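User: Could you zoom in on the surroundings of the ligand for me, and then follow the thread outward from there? I'm in my first year, so please keep it plain.

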Amino acid sequence: MNENVERILFTEEQLKARVREMAKEINKHFNGEPVVVVSVLKGSVVFAVDLIKQLDMPVSLDFICASSYGSGTISSGKLVIKKDVELEVEGQNILLLEDIIDTGETLHEIMKMLKGRGAKSIVTAMMFDKPARRKKAVQADFIGFHIPDEFVVGYGLDYDEQYRNLPYLGVLKRSVYEK
Ligand code: PRP
């Protein structure tokens with residue numbers, strides 16, 4: 001285990017097993033219809049790589065990099081797009097992948113944008129859901145795990161751009177971020 005990780009919430013094996021189950025559920029849902037998978041950078045990349053290998057419908061893959069900035073108690077939710085999707089969205093079934101949903105602002109704004117571009121349908125899949133901090137209700141179709149309100153890293157999730165490579169989901173030691 002990484003020395004800065006206090007404890008493991010989900011092991012690599014548990015994550016793999018859950019992704020396998022989610023892929024089955026998603027395959028059932030789409031029943032062979034083509035999808036455009038949109039992976040939200042950077043955190044969802046690890047989840048996306050594991051998931052798409054197990055999808056059995058025609059899949060195209062794209063990425064979006066966006067941050068949403070709410071302003072304090074007023075959750076205005078403004079989306080800043082750093083990298084947009086390149087594939088056509090109009091008329092497509094979108095499978096939107098997130099590593100974690102926290103306040104819900106990012107997913108809410110990305111969904112709004114993709115709907116505005118005429119997506120035929122938008123289905124969301126998130127590996128981790130942290131409902132304790134939710135500000136915006138989000139459409140969560142497929143959820144890997146609900147997690148407590150703790151600082152988690154690994155499986156794509158970072159602290160200061162580190163730890164994304166850890167194959168498990170772990171709780172970061174307080175001493176690392178309370179300096
Ligand atoms: C994380 C995560 C989601 C978002 C969730 O991304 O990947 O996109 O935050 O938070 P929210 O529900 O409060 O909007 P982050 O902005 O940390 O970027 P990263 O994926 O590059 O780490």
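Analyst: Let's start with D99: one of its polar side-chain atoms lies 2.5 Å from an oxygen atom of the ligand. That's a polar contact, meaning a pair of N or O atoms within 3.5 Å; within protein, one must be able to donate a hydrogen and the other to accept it, and residues adjacent in sequence count only if both atoms are side-chain atoms.

Before we go on, keep in mind that this is a predicted model: local features need pLDDT of at least 70, side-chain atom pairs count only at pLDDT 80 or more, and totals for chains, interfaces and linings use all residues. Residues are numbered from 1 along each chain as its sequence is written, and side-chain values use heavy atoms, with hydrogens and water left out.

D99 has company. In the side chain of T103, an N or O atom is 2.5 Å from a ligand oxygen, and for R164 the corresponding distance to an oxygen of the ligand is 3.0 Å. On its own the ligand would expose 500 Å², and the protein buries 76% of that (areas come from the Shrake-Rupley method with a 1.4 Å probe; for residues, only the protein chains shown count as cover). There are 14 residues around the ligand, and E98, D99, T103, G104 and T106 come nearest; a residue counts as near if one of its heavy atoms lies within 4 Å of the molecule or strand in question.

Now follow D99 inward. D99 is among the residues that F128 touches, as are F10, I100, I101, F145, Y155 and L169. Touching, or contact, means heavy atoms within 4.5 Å, and for F128 residues up to four places away in sequence aren't counted.

F128 also belongs to something bigger. The largest nonpolar core has 29 residues, and F128 is among those with the most contacts inside it, together with I26, F47, L51, L95 and M127. Several elements give two or more residues to this core: α1 (12-30), β2 (35-41), α2 (45-52), β5 (93-101), β6 (121-129), β7 (142-146) and β9 (169-172). The biggest giver is α1, with six residues. Apart from this core lies another, of 20 residues, including V36, V40, V89 and L114.

Some vocabulary for that. A nonpolar core is a set of buried Ala, Val, Leu, Ile, Met, Phe, Trp, Tyr and Cys residues joined through side-chain atoms within 4.5 Å. Buried means under 20% relative accessible area, exposed over 50%, and partly exposed in between (1.4 Å probe, protein chains only). Helices (H or I, at least four residues) and strands (E, at least two) are DSSP runs, numbered from the N terminus.

Next stop is D129, which is found in strand β6. D129 counts as buried because its relative accessibility is 4%. Its side chain makes a polar contact of 2.5 Å with that of R134. Leaving aside neighbours within four places in sequence, D129 also meets I101, I143, F145, H146 and I147, besides R134 itself.

Back to Y155, one of the residues that F128 touches. Y155 sits in the loop between β8 and β9, and with 4% relative accessibility it counts as buried. Its phi is near 50°, a positive value in a residue other than glycine. P167 has its place in the loop between β8 and β9 too, but P167 is partly exposed, because its relative accessible area is 33%. Not counting residues up to four places away in sequence, P167 touches E12, L15 and Y155.

What order do the strands take in the open three-stranded sheet? The order is β1-β9-β8, with antiparallel pairing. β1 (5-10) and β8 (152-153) are the edge strands, each pairing on one side only. Two strands pair if DSSP finds at least two bridges between them. β1 and β9 have four bridges, and R7 stands opposite V171 in β9. β8 and β9 have two, with V153 opposite G170.

One last pair of oddities. N31, in the loop between α1 and β2, has a positive phi near 50°, and N31 counts as exposed because its relative accessible area is 67%. Finally, L41 and K42 are joined by a cis peptide bond, with omega about -5°; K42 lies in the loop between β2 and α2.
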